[in-house]
Amino acid sequence: MENKNITLGEFIINKQSDFAYSSGELSRLMNSIRLAAKVVSQKVNQAGLVDIMGVIGKENIQGEQQQKLDVFANDIFIQTLTNREIVCGIGSEENDDFITICGADGKNNNKYVVLIDPLDGSSNIDVNVSVGTIFSIYRRISEIGTPVTAEDFLQQGIHQVAAGYVIYGSSTMLVYTTGNGVNGFTLNPTMGTFFLSHPNIEIPANGSIFSVNEGNLDQFDKGVKEYVAYCKNDMDKKSYSGRYIGSLVADIHRNMLKGGIYMYPGTVLKPNGKLRLLYECNPIAMIIEQAGGKATDGKQRILEIEPTELHQRVPIFCGSKNMVDKLEHYLN
């Protein structure tokens, strides 16, 4: 069992051998994400005291109203990653296009690109509901020293070298994987340090929670409706509970620890669902699979979907393996 007194920084150094091709760059990248998360956590915890709540009056590329904290978190993560000169490109849910990072000579010899949802669930911040950050890291495929291209970001999820999320709730936790299991770290606000609190997270194969926005039930496909009915009618004499927060990171985090299935299907009005493949679904799917769970769009494994655009949306069903298997029985 891992030593729970170990800090995130120490853990990253100790596990550096998990990073394929790494010469320390990916470790520095993870440390930068850790730093930015601490800054955002502090601001989230002050949201009721400072003028940081509410909408900013602009829409992002998805046509969604940007919250003040969306913009703040986006700026913090971009500035932290850019100033430390450890990535060659950044894709953010809040930006229309990816950001190319070059030095004064117009070149960048760094190996990694980051895709990020800086503040998932930010519309809930005004009512003190948990929100989060989701991130995904890929090794670039374009030639080192040249500007990044769209192809560096439009990679299948199976090519992620690391993925994680930060949940800003009653405590701030950073959960991540490099393809060798999932570990969670809780921020000690007094010391400003993340400590290992949830080593080797494994999602139970069977769960008792189904998470879906039943307000859209009439617009779901027949198979999804039947699966929800199965959960509610307790056909196998199990005890299922409907739990839906509406903040992706919060719903996923609960199901990771307690066992359950999260569903955001396509609807009549939005056949591709709402969640973004690159910023939300791929990193969440990698974490879920590394914890022993399963993630699908209803037809194929999330991590094997071939991305076609930066802000592509896909349906997602993920969580406890046996629950996702049961869902697929109804879908098929």
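Which residue forms a salt bridge with E289? I will come to that pair in a moment. Please keep in mind that this is a predicted model.

The partner is R301, and the closest N and O atoms of the two are 2.8 Å apart. E289 sits in helix α7, while R301 is in the loop between β14 (294–296) and β15, so the bridge ties together parts that are twelve residues apart in sequence. Is either residue buried or exposed? E289 has a relative accessibility of 23%, so it counts as partly exposed. R301 is at 31%, and therefore it also counts as partly exposed.

R301 has a further salt bridge, with E304. There the closest N and O atoms are 3.1 Å apart. E304 counts as partly exposed too, because its relative accessibility is 38%.

How many salt bridges does a search of the whole structure find? It finds eleven. Another of them joins D325 to K294, with 2.6 Å between the closest N and O atoms. This pair links distant parts of the chain, since D325 belongs to helix α8 (residues 321–331) and K294 to strand β14, 31 residues apart. D325, at 26% relative accessibility, counts as partly exposed, and K294, at 23%, does as well. D325 and K294 are also part of a network of salt bridges that includes K321 and E328.

Now to the nonpolar side. In soluble globular proteins, nonpolar side chains tend to be buried together. In this model the largest nonpolar core has 41 residues. Which of them touch the most other members? They are Y165, I252, M256 and I302.

Several elements each supply at least two residues of this core. The strands among them are β5 (112–120), β6 (131–139), β7 (160–168), β8 (172–177), β13 (260–264) and β15 (316–319). The helices are α6 (248–258) and α7 (277–290). Helix α7 gives the largest share, nine residues. That is the helix in which E289 lies.

Apart from this core lies another one, of 39 residues, among them F11, V44, L81 and F135.

Let me finish with Y165. What is it in contact with, leaving aside its neighbours within four places in sequence? The contacts are T133, I134 and F135, then M173, L174 and V175, then V249, I252, H253 and M256, and lastly I284 and I287. Two of these, I252 and M256, were named earlier with Y165 as residues that touch the most other members of the largest core.

Terms used. Residues numbered from 1 in each chain as written. Predicted model: local features only at pLDDT ≥ 70, side-chain atom pairs only at ≥ 80, totals over all residues. Heavy atoms only, no water. Core = buried A, V, L, I, M, F, W, Y, C linked by side-chain atoms within 4.5 Å. Buried < 20%, exposed > 50% of the residue type's maximum accessible area, 1.4 Å probe, protein only. Helix = DSSP H or I, 4+ residues; strand = E, 2+ residues; numbered from the N terminus. Contact = heavy atoms within 4.5 Å. Salt bridge = Lys/Arg side-chain N within 4 Å of Asp/Glu carboxyl O.
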